[in-house]
Amino acid sequence: MGLDGIGFVITYATVTALLSTIGAMFWINGSHDRRILLVVSFLSGTCGLSFALCGVVLMAKGQWTLGVAPDNWAERLNSVVAVACMTGLGALTLSLHHLQAQIELKAETMTDPLTGLMNRRGLTSLYGERTFSPFMAIVMFDLDHFKRTNDIYGHPVGDQVLCRFAAVIRKYARTGVDAFRLGGEEFAIVMSRMTDERAYDLASKIGVAFGTEVVPTPLGHLRSTVSGGIGFGEADGSTLDEVLARADTMLYAAKRAGRNCVISRKRMGKADPVKPALRSA
C-alpha cells in the first residue's frame, strides 16, 4: 500500500510488546537469584523501550511513507542499545539455563528416587554445618521386621510399604520439619522449634497413621508398624552426628521395648505402644 512507515511502527510496537513480555515472564516465573532476573528484565525492557522510541519518532514526524529504511536519532540509538542488550541477554539466559541444570542435578543427587524424599546426602547438605539447640530434634524411624516383609511378600511390595511411609511423613510435614530416607527402611525427620512433648506427639501420630495403611498383596492385606527414637540438641550446641547418635540410641531402645513405639530420652521406660496394626509384617 506504500505506507511502509506504518509497517515500521507496527513492527516496533510488536517487538516492544514481545520484549516486555519476555522480561515480565522471567521476573514473575523465574526461580533463580532475583538479582540476575532483575538484570534480565531490565535489559529486555530497555531494548523494548529503544524500539518503542523508534516508532514514536516516526509517528511524531508523520512519516507514513518512507521508501527507504528510517534514519533518525532513535534508530541510531536503537542500533547500539539492541546490540548491547541482546548480547547481554544471550549471555545471561545461557547462564540461567546452566544454573538450572546444576540445580536440577544437585536436586537429583539429594533425592531418593523411590520415595521422592531427600536422602542422606540431602540431610548432610542441609544440616551438616548446623548447630542443634535444645529445641531442635531428629526422629529416626525404622520399619519393623522389614526384611521379613521383603522375604514373604517380595521386594515390589516392600517398595510399596516404603512409599506409603514416605507419604505419611509428607502428610505430617510442615514448616520447620524436613523428611529424609537415610537408606533401606531407615527414615529421619528434622524438627525445629520443638519441645520433647511436641516432638513425641508428632512422631507418634506418624506411627499411628502408618499403622492404618493397607498394602494389598497376593497373600492378603498387609499392615506394617514402625519404631522411632528422638534425639535433641544440647544447650551448648550439638552437631548433626551427635543428635543422630542420640536418636539412634533411642530407636534401639524402642526396638528392645517391643517395637511399634516411639522413645525419647525423657521417656525412657515409658514406651507407649502405638496403636497396633491389624496384621503386622
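**Entry 1: strand β6**

I began with β6, where seven of the seven residues are buried, so this strand is largely enclosed by the rest of the structure. I note at once that I am reading a predicted model. Looking along the strand, I found Val226, Gly228, Ile230 and Phe232 pointing one way and Ser227, Gly229 and Gly231 pointing the other way, and all of them are buried. On the β1 side I recorded an antiparallel pairing in which seven bridges join β1 to β6, and within it Leu143 stands opposite Val226 of β6. Towards β7 the sense changes to parallel, with three bridges between β6 and β7, and here I looked up Ile230, which stands opposite Ser264 in β7.

**Entry 2: the sheet as a whole**

I then asked in which order the strands stand in the sheet. Five strands form an open sheet, and reading across I get β2-β3-β1-β6-β7, with mixed pairing. Because β2 (177-183) and β7 (262-264) stand at the edges with a single partner strand each, one side of each is left without a neighbour in the sheet. From one strand to the next, the twist averages 20 degrees.

The pairing of β1 with β3 I checked separately: β1 (residues 136-143) and β3 (residues 186-192) are antiparallel over seven bridges, and I noted Met191 in β3 as the bridge partner of Ala137.

**Entry 3: the β2 edge and its hairpin**

How many residues of β2 are buried? I found five of the seven to be buried, so β2 too is largely enclosed by the rest of the structure, although as an edge strand β2 has a single partner strand in the sheet. That partnership is with β3, in the antiparallel sense and over six bridges, and Gly183 has Glu186 of β3 as its bridge partner. The hairpin of β2 and β3 has two residues between the strands, and in this hairpin I saw that Gly184 takes a positive phi near 60 degrees.

**Entry 4: positive phi outside glycine**

I next looked up two residues other than glycine with positive phi, beginning with His145, whose phi is near 55 degrees. His145 lies in the loop between β1 and α5 (146-153). Is His145 exposed, partly exposed or buried? Its relative accessible area is 30%, and His145 is therefore partly exposed, since that class lies between the 20% and 50% limits.

Arg193 is the other residue I took up, again with a positive phi near 55 degrees in a residue other than glycine, and I located Arg193 in the loop between β3 and α7. Arg193 is exposed, because its relative accessible area comes to 55%, and the cut-off for exposed is over 50%.

**Entry 5: helices against the sheet and against each other**

Turning to the helices, I followed α8 (residues 240-256), which lies across β1, β6 (226-232) and β7 and runs at about 140 degrees to β6.

For the pair α6 (residues 155-172) and α7 (residues 196-211), I noted that the axes come within 10 Å and cross at roughly 140 degrees. The two helices are therefore oblique to each other, as angles count as roughly antiparallel over 145 degrees. The crossing in which α6 passes α7 is right-handed. On the α6 side, the residues that meet α7 are Val161, Arg164, Phe165, Val168, Ile169 and Tyr172, and on the α7 side they are Leu202, Lys205, Ile206, Ala209 and Phe210. Sorted by class, this contact has nine nonpolar, two charged and no polar residues.

**Entry 6: Ser44 and Gly23**

My last look was at a place where α1 and α2 supply the residues in question: Ser44 is found in helix α2 (residues 34-61), and Gly23 in helix α1 (residues 4-29). Ser44 is buried, with a relative accessible area of 1%, and Gly23 counts as buried as well, at 5% relative accessibility.

Which residues are in contact with Ser44, leaving aside its neighbours within four places in sequence? I listed Leu19, Ile22, Gly23 and Leu89. From the other side, and not counting residues up to four places away in sequence, Gly23 touches Ser41 and Ser44. I also noted that the C-alpha atoms of Gly23 and Thr46 are separated by 9.8 Å, the two residues being 23 residues apart along the chain.

Technical notes. Residues are numbered from 1 along each chain as its sequence is written. This is a predicted model: local features need pLDDT of at least 70, side-chain atom pairs count only at pLDDT 80 or more; totals for chains, interfaces and linings use all residues. Side-chain values use heavy atoms; hydrogens and water are left out. Two strands pair if DSSP finds at least two bridges between them. Helices (H or I, at least four residues) and strands (E, at least two) are DSSP runs, numbered from the N terminus. Axes are lines fitted to C-alpha atoms, for helices over the stretch in contact, and angles run from 0 to 180 degrees between N-to-C directions. Contact means heavy atoms within 4.5 Å. Angles under 35 degrees count as roughly parallel, over 145 as roughly antiparallel, 65 to 115 as roughly perpendicular and the rest as oblique. A crossing is left-handed if the near helix is turned anticlockwise from the far one by less than a right angle, and right-handed if clockwise. Ala, Val, Leu, Ile, Met, Phe, Trp, Tyr, Cys and Pro count as nonpolar, Asp, Glu, Lys and Arg as charged, and the others, Gly among them, as polar. Buried means under 20% relative accessible area, exposed over 50%, partly exposed in between (1.4 Å probe, protein chains only).
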